[in-house]
Amino acid sequence: MQRWANDDCKGERMSIDVTGFKEGQKAMWTAGDYPEVARRIETVGEYVAERAGAAPGLDMLDVATGSGNVALPAALDGAKVTGLDLTPKLLDVARARSRDAGVEIELVEGDAEDLPFADASFDRVTSCFGVMFAPRHGVAARELIRVTRPGGRIVVTAWTPDGFVGRNFQSVASYMPTPPPELKPPVMWGSEDHVRGLFEGTGAELSFERRTVTFAGESVEGWLAEDERMLGPAVMARAALESQGRYEDLRRDMLALYEDCNEADDGSFRVESEYLVTVAEIPA
Ligand SMILES: C[S@@+](CC[C@H](N)C(=O)[O-])C[C@H]1O[C@@H](n2cnc3c(N)ncnc32)[C@H](O)[C@@H]1O
């Protein structure tokens, strides 16, 4: 199978500096305290491992594994797991978690758009709110397919554009410089039509599920304060906008969104945040 490399792939030549963009991603997920944020979505990681059918005898790759939310339950289920991520700090946390749990996970620093594995290396390939952050969606999708064995399965989750996190990303993005048109918003991986386009012509049989994960905290303000402290994209947006005197406007918009989405009526915070699960079965 052909390997698409860097920025000369079909239809995805980019005017942005892809390498610089990825350095920015690494800085973003190093900022704050992502492993603490990841605890909010641990149940999604468990679901992805289950939906992938992690089991003894299967080779599994978790792309953009972060602190190991999918890799860990998959390894506990007996799969032989490799976790790949751009951000070394998060791989260190995944390493410590796997040691504490007494399971072995191969952890590799690398890029979802250029996976350092031979064609058809894995029975299962997963990515939980991860591959959505690679800038060239088509390149990343082809890499997922390339490393999956015939008869294998790919499971990807992404926040939907209309869900709580998807709307929050868009709110933050509206304060940032307009990206070039070829840089697709990560939440497009949460749109079925977009994902169908990414897998078109590959022979993969796709199915989709819309699910939610519950976020619950003591108050709307408290949840926002946690995001400001722990969530990389919020930490970076604040750092960029504060010096321009624009952060208070973004904060006001975020607070309004959190209040709009809040389903609790007792002063606490409770949101069901929607995400899309894509399951791609690769023909045998
Ligand atoms: C929201 S976190 C999700 C982490 C983990 N999958 C989870 O469920 O907690 C996004 C992750 O994507 C990683 N990432 C972003 N762009 C990447 C790329 N091009 N290749 C590999 N990892 C990437 C980040 O380092 C970060 O760990």
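How many helices and strands are there in the protein? I looked this up before anything else and found 11 helices and 7 strands, taking both as DSSP runs numbered from the N terminus (helices H or I, at least four residues; strands E, at least two).

A note on what I am reading: this is a predicted model, where local features need pLDDT of at least 70, side-chain atom pairs count only at pLDDT 80 or more, and totals for chains, interfaces and linings use all residues. Residues are numbered from 1 along each chain as its sequence is written.

**Sheet.** I traced an open sheet of 7 strands with mixed pairing, in the order β3-β2-β1-β4-β5-β7-β6; two strands pair if DSSP finds at least two bridges between them. At the edges I found β3 (105–109) and β6 (205–217), each pairing on one side only. I then checked β1 (residues 59–63) against β4 (residues 122–128): they pair in the parallel sense over 3 bridges. Met60 has Arg124 in β4 as its bridge partner.

**Ligand.** Which residues come nearest to the ligand? Of the 22 around it, I noted Ala64, Gly66, Thr87, Ala112 and Cys128; a residue counts as near if its C-beta atom, placed from the backbone, lies within 6 Å of the molecule. Helix α1 (residues 18–30) gives the largest share of this shell, 3 residues.

**Whole protein.** I read a span of about 50 × 45 × 30 Å for the C-alpha trace along its principal axes. For contacts between residues at least 6 apart in sequence, 76% join residues at least 24 apart, a contact being two C-beta atoms, placed from the backbone, within 7 Å.
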